[in-house]
Amino acid sequence: MSSHPFKIIFAIFSFLILSESISAQSLDYAREAVNILASDSLKGRGYVDNGDKLAADFIRSEFEKFGLQVFNGSFYQEFETSVNTFPDRQSVIVNGKELEAGKDYLLDPGSPSLKGSFDVMTVTADEILDNAKFVNKLRVSSGQLIAVLPFDKSNFSKEQNEQLNGVINFLKYHPQNPSKGTIILTNDKLTWAGSVRQHPKPTIIIHSDSLNGSLKSLKLDIKSSFIKKYQTQNVIGYVQGKNTDSTIVFIAHYDHLGKLGPQASFNGANDNASGTAMLLSLAKHYSENKPNYNTVFIAFGAEELGLIGSKYFTENPLFPLSEIKFLMNFDLAGTGDEGIQVVNGSVYRKQFDELVQINEELDLLPNIKIRGAACNSDHCMFDQQDVPGFYIYTLGGIQAYHDVYDRPETLPLTEFEDYFKLIVEFIDQL
Ligand SMILES: [Zn+2]
């Protein structure tokens with residue numbers, strides 16, 4: 001009698017036991033981590049009220065609890081960045097009504113301070129495209145605010161859209177814009193960002209639904225604070241593997257956009273408390289189950305300011321990047337209703353096919369979509385050093401993104417358990 005069938009049954013049985021214990025624990029832990037990272041008390045993990053430091057400290061304490069090892073005596077790799085911040089209360093009043101920061105309006109992240117009452121000169125897309133007319137309007141705009149009225153991009157050709165974008169960028173960023181500042185009225189969803197610069201004039205993006213009546217004048221008290229050298233940090237730990245010749249690297253950025261005054265907090269549950277929760281869940285798992293290879297866990301700072309933490313790390317690596325066998329970046333891990341998208345899938349086709357095969361065998365995610373290279377998150381800095389790896393993000397579910405609605409209470413974590421199982425199985429088979 002061969003022992004073979006018994007071995008298979010045993011293997012299936014132990015996988016079932018393992019996956020049962022993985023699932024319940026990983027989802028509970030991830031939920032808890034997201035709730036903490038995306039809570040109001042972590043201030044949106046930005047540069048107002050030390051949000052970045054509070055988040056880094058939570059990740060450090062988790063790494064420490066799991067018994068992760070450190071490079072150079074610390075979990076922190078510190079670096080500096082410039083950043084434009086909005087710590088103070090903002091005020092934008094139209095027709096006697098104060099608009100709500102984050103919901104009715106946003107400030108361009110590079111806006112400087114501006115206080116006063118201003119007349120508003122409106123321009124339409126058609127007026128912008130009529131060069132002579134626009135230049136005449138611009139000439140008499142000094143002392144006023146220029147408001148670009150909403151327009152539907154699909155009504156204009158590609159060249160016209162390029163011209164419109166060019167003029168809007170001139171208004172927003174050029175010191176020779178004679179007006180006091182720019183207002184962009186939009187029918188689109190408000191989406192915020194971060195900025196390492198402060199521009200000469202402010203820009204206010206107002207959702208057209210929030211206006212009661214016409215926009216003839218505006219009372220403003222915008223306050224921003226530019227910090228030339230802000231010290232922030234990456235949080236890094238590792239687990240020694242059975243084989244120490246190669247290294248697996250898991251990365252996720254923990255920073256987000258922080259606050260637009262005390263009124264608006266961008267808590268970033270999906271972006272990227274969810275990916276950080278995946279990173280922490282994997283750190284927890286591999287601290288309890290010795291990995292095949294040395295496994296490094298990096299929570300990057302300042303991604304939203306332009307991949308600054310990962311750029312600093314790849315320029316100042318704590319171990320040779322050439323030792324990296326494979327890297328995985330988790331940025332947006334909180335849904336999965338429509339599966340996942342794998343950036344670099346077509347670049348590392350063999351590994352992509354393995355991922356798909358495991359997913360089919362274990363019947364985990366509804367879909368795995370392939371994508372080529374894209375410089376849209378921290379993995380990009382490693383791509384540039386020829387480090388093999390994937391950037392994975394979940395698809396479907398909630399639409400909140402870079403706005404005040406990306407909060408833990410509405411983050412579904414639909415496929416988190418299966419996503420986690422897929423990664424563990426994929427890495428264990430590498
Ligand atoms: Zn992100």
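## Salt bridges

Lys223 is partly exposed, with a relative accessible area of 29%. On this scale buried means under 20%, exposed means over 50%, and partly exposed falls in between (1.4 Å probe, protein chains only). Asp221 is buried at 17%. The side chains of Lys223 and Asp221 meet in a salt bridge, 3.7 Å from N to O. Salt bridges that share partners also join Asp40, Arg407 and Glu409 into one network. The whole structure holds 18 salt bridges, each a side-chain nitrogen of Lys or Arg within 4 Å of a carboxyl oxygen of Asp or Glu.

The model is predicted: local features need pLDDT of at least 70, side-chain atom pairs count only at pLDDT 80 or more, and totals for chains, interfaces and linings use all residues. Residues are numbered from 1 along each chain as its sequence is written, and side-chain values use heavy atoms, with hydrogens and water left out.

## A helical pair and a long-range pair

Glu162 and Lys158 form a salt bridge at 3.7 Å, N to O. They are 4 residues apart in helix H5 (residues 158-173), so about one helical turn separates them. Helices (H or I, at least four residues) and strands (E, at least two) are DSSP runs, numbered from the N terminus. Glu162 is partly exposed at 48%. Lys158 is exposed at 61%.

Asp403 and Lys189 also form a salt bridge, and their closest N and O atoms are 2.5 Å apart. Asp403 sits in the loop between strand E18 (389-394) and helix H10 (416-429), while Lys189 sits in the loop between strand E7 (181-186) and strand E8 (203-207), so the pair ties together parts 214 residues apart in sequence. Asp403 is buried, at 4% relative accessibility. Lys189 is partly exposed, at 43%.

## Zinc site

Which protein atoms are the donors of the zinc ion? They are His253 (NE2), Asp271 (OD) and Asp331, which is listed twice (OD and OD), at 1.9 to 2.8 Å from the ion. Donors here are N, O and S atoms within 2.8 Å of the metal (3.2 Å for Na, K and Ca); water is not among the atoms, so sites may look incomplete.

The 4 donor atoms subtend angles of 50 to 143°, which makes the arrangement irregular. Four donors count as tetrahedral if all angles lie between 85 and 135 degrees; four count as square planar and six as octahedral if opposite donors are over 155 degrees apart and all others between 65 and 115; anything else is irregular. The spacing of the donor residues in sequence is H-x17-D-x59-D. Asp271 lies in helix H6 (residues 269-288) and Asp331 in the loop between strand E15 (324-330) and strand E16 (340-343), so this pair ties together parts 60 residues apart in sequence. Both Asp271 and Asp331 are buried.

## Backbone outliers

Most residues other than glycine have a negative phi, and most peptide bonds are trans. A cis peptide bond joins Asp271 and Asn272, with omega about 0°. Asn272, like the zinc donor Asp271, belongs to helix H6.

Asp49 is not a glycine, yet its phi is positive, about 55°. Asp49 lies in the loop between helix H1 (4-37) and helix H2 (51-65). His402 has a positive phi near 50°. His402 is in the loop between E18 and H10, and is buried at 7%.

## Cavities

There are 3 cavities of 30 Å³ or more. The largest encloses about 140 Å³. Of its 18 lining residues, Tyr47, Val83, Asn84, Trp192 and Leu257 are the closest to the centre. Strand E1 (76-85) and strand E12 (258-260) each give two or more residues to this lining. E1 gives the most, with 3 residues. The lining divides into 9 nonpolar, 7 polar and 2 charged residues. Ala, Val, Leu, Ile, Met, Phe, Trp, Tyr, Cys and Pro count as nonpolar, Asp, Glu, Lys and Arg as charged, and the others, Gly among them, as polar.

On a 1 Å grid over the protein atoms alone, a cavity is a set of points where a 1.4 Å probe fits but cannot get out; a pocket is an open set with protein on both sides within 12 Å along at least five of seven lines; lining residues have an atom within 4 Å of a point. Points are joined across faces, edges and corners, and a volume is the space filled by probe spheres set on them.

## Pockets

The largest pocket has a volume of about 660 Å³. Of its 25 lining residues, Lys153, Lys172, Ile184, Thr186 and Ile205 are the closest to the centre. H5 supplies the largest share, 6 residues. The lining divides into 13 nonpolar, 6 polar and 6 charged residues.

The second largest pocket has a volume of about 200 Å³. Its lining includes Asn270, Leu332 and Tyr401. It divides into 6 nonpolar, 5 polar and no charged residues.
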